[in-house]
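I opened this notebook to keep a record of what I looked up in the structure, entry by entry. The entries follow the order in which I went through the chain.

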Amino acid sequence: MRPRRRRGHIVAFLLFMLFLLWMLMSVQQDPDLYALQQSIADMCYDYERNFVSGNMCSSLCGGKISIDGCLSCQSQHKIFFGQLHVGPDLTKSVLVKLADSPNKTRRRHRDTDVRWTFESLYKNMSSILRVMFGERRHYDSLIYSLLSLADSNKDGHLSPAEASTIHSLATNREFITTVAMVTSSKVPKLLGFCGDVYVTRGLHSYSLPDESSWVQVLPPWATRVNIAVTILEFVEEIQDVVLGDLLLCRLSLQDIGLLEEDEAGFYNFEWVVTEKQIVEQLGSHPCATHNDCMYGPNCHPQCGQDGFCAIKKNHTNLPGVCRLIKSFLDKGAPQDFGSKFKVLWERCLGLDTHRADLHLEHSLILSDLKNSLWSEIQLSYGKPKRVARRKQFIKTSDNK
């Protein structure tokens, strides 16, 4: 009997320790979820008093959106995932993002002294965008998109609450990037907002399997090739949008989700920046080593001889993307894959950003990679699994 009792005590002790561990993890997660719920509660309080507006206010304040957890709790830009209840037995996955801190939000929205006209709001948002993304761009189409989103009841007029809300959102880089990429098939669609809380569609999954988990959940190789093609399509799409050329200063398998089983989805724009942001952050930054000039793994200017970070004019996303795609595809690939792609990987990883024809070479490598990967899909399935979608973006046609 004693050995049985001893085993019973051990099992009880282990269960107790597991319970404590679960409680500890719950306590660590609760503050983030509580902070979001408090922000939503504050936003709904302001919504009832016509301080803020938005087409998602009825869903957020009516309990139709439930929050299941946090995707990036370690980051300043927290992203939560949950469910939108659209019917008795029907839900849709969503992402919920807070565009600013609750205190700043409430103070800004309750400033009833500001009375925006269409002209003053347009001019003010234009100034905000020029400060954030540069003077050389024209933002007419983007501002009109923002003003259209602001008119939540679609009556053709902007109330003080609608104007105040969109003005507040216009100061958030991630929200502006989401709106600028609204036609991209790789970015979750913006569903709407309420005050500084905005909601997008959810994803099929929120990360790609890394090397440590490939043994268990590695997708079929042909599926991974298709995912790699959609990543390259996104790299092509973020060139020359209305905000300028966007740079992926950090890109890992954990930063990429799946909109579908074989299509990459990009939902976190914290590390998607413009060259202007890098210059502002590091342009006059003193340094002793190159590590002092690190903006992100893929954006790392060198430390100049004068002791300041030397910002080069030309940046490219391709080398960092190729490193990621190569590691993603190598495991379990056909035997001849490495030899067939050896030259292409070398061209991509060794792309010289100082060459005069950088943009041309960038486009050629990108095109060659996509065509070669499509050939691999064709060999795997006997025919292309899907047709590459070519989306038209808010380009710099406003400049012409």
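**Entry: a lysine and its surroundings.** I began with Lys-340, which is partly exposed at a relative accessible area of 40%, in a model that I note here is predicted. Lys-340 has its place in helix H12, which covers residues 337-349. When I left aside the neighbours within four places in sequence, I found Lys-340 in contact with Glu-376 and Leu-379. I also looked up the C-alpha separation between Lys-340 and Ser-372, which are 32 residues apart along the chain, and it is 9.1 Å.

**Entry: the chain as a whole.** I then stepped back and noted 13 helices and eleven strands in the chain. Of its 400 residues, 44% count as buried, and the chain exposes about 21200 Å², of which carbon and sulfur atoms supply 53%. I looked at the contacts between residues at least 6 apart in sequence, and 68% of these join residues at least 24 apart.

**Entry: nonpolar cores.** Which residues have the most contacts inside the largest nonpolar core? I listed Leu-142, Phe-175, Ile-176, Ile-231 and Leu-243, in a core of 71 residues. Helix H9 (residues 221-237) gives the largest share of this core, namely nine residues. Apart from this core lies another, of 17 residues, and I noted Leu-33, Val-52, Leu-84 and Val-96 among them. As a background remark, nonpolar side chains in soluble globular proteins tend to be buried together.

I followed Ile-176 further and, again leaving aside neighbours within four places in sequence, found contacts that include Leu-129, Met-132, Phe-133, Leu-142 and Leu-243. Phe-133 came up again in another search, since Arg-173 lies over the face of its ring, at 5.8 Å from the ring centre. The same search gave Arg-49 over the face of Tyr-45, at 3.6 Å from the ring centre.

**Entry: a covered helix.** How many of the ten residues of H6 are buried? I counted nine, and I therefore wrote the helix down as mostly covered, buried being taken as under 20% relative accessible area. The buried residues of H6 include nonpolar ones such as Ala-161, Ile-166 and Leu-169, and also Glu-162 and His-167.

**Entry: aromatic pairs.** I found ten aromatic pairs in the structure. The rings of Phe-81 and Tyr-206 have their centres 6.1 Å apart and their planes at 35 degrees, so I entered the pair as tilted. Phe-81 lies in strand E2 (residues 79-87) and Tyr-206 in the loop between E5 and helix H8 (214-217), so this pair ties together parts that are 125 residues apart in sequence. Tyr-206 is buried, with a relative accessible area of 17%, whereas Phe-81 counts as partly exposed at 25% relative accessibility.

A further tilted pair is that of Tyr-122 and Tyr-144, with ring centres 5.6 Å apart and planes at 50 degrees. Tyr-122 belongs to helix H4 (residues 118-133) and Tyr-144 to helix H5, so the pair ties together parts that are 22 residues apart in sequence. For Tyr-144 I noted 48% relative accessibility, which counts as partly exposed. I also recorded a cluster in which ring pairs link Trp-221, Phe-337, Phe-341 and Trp-345.

**Entry: a strand hairpin.** I went on to strand E4 (residues 190-194), where four of the five residues are buried, so the strand is largely enclosed by the rest of the structure. Four bridges join E4 to strand E5 (residues 197-201), and the two run antiparallel. Which residue of E5 is the bridge partner of Phe-193? I found Tyr-198 in that position. The hairpin has two residues between its strands, and Gly-195 takes a positive phi near 60 degrees there.

**Entry: positive phi outside glycine.** I close with two loop residues, bearing in mind that most residues other than glycine have a negative phi. Asn-50 has a positive phi near 60 degrees and lies in the loop between helix H1 (2-48) and helix H2 (57-61). Lys-154 has a positive phi near 55 degrees and is found in the loop between helix H5 (140-150) and helix H6 (160-169). Are these residues buried or exposed? I found Asn-50 exposed, with a relative accessible area of 60%, and Lys-154 exposed as well, with 56%.

Conventions: Residues are numbered from 1 along each chain as its sequence is written. This is a predicted model: local features need pLDDT of at least 70, side-chain atom pairs count only at pLDDT 80 or more; totals for chains, interfaces and linings use all residues. Side-chain values use heavy atoms; hydrogens and water are left out. Buried means under 20% relative accessible area, exposed over 50%, partly exposed in between (1.4 Å probe, protein chains only). Two strands pair if DSSP finds at least two bridges between them. Contact means heavy atoms within 4.5 Å. Accessible areas come from the Shrake-Rupley method with a 1.4 Å probe; for residues, only the protein chains shown count as cover. Rings of Phe, Tyr and Trp (its six-membered ring) pair if their centres lie within 6.5 Å; planes under 30 degrees apart count as stacked, over 60 as edge-to-face and the rest as tilted. A charge sits over a ring if NZ of Lys or CZ of Arg is within 6 Å of the ring centre and within 35 degrees of the ring normal. A nonpolar core is a set of buried Ala, Val, Leu, Ile, Met, Phe, Trp, Tyr and Cys residues joined through side-chain atoms within 4.5 Å.
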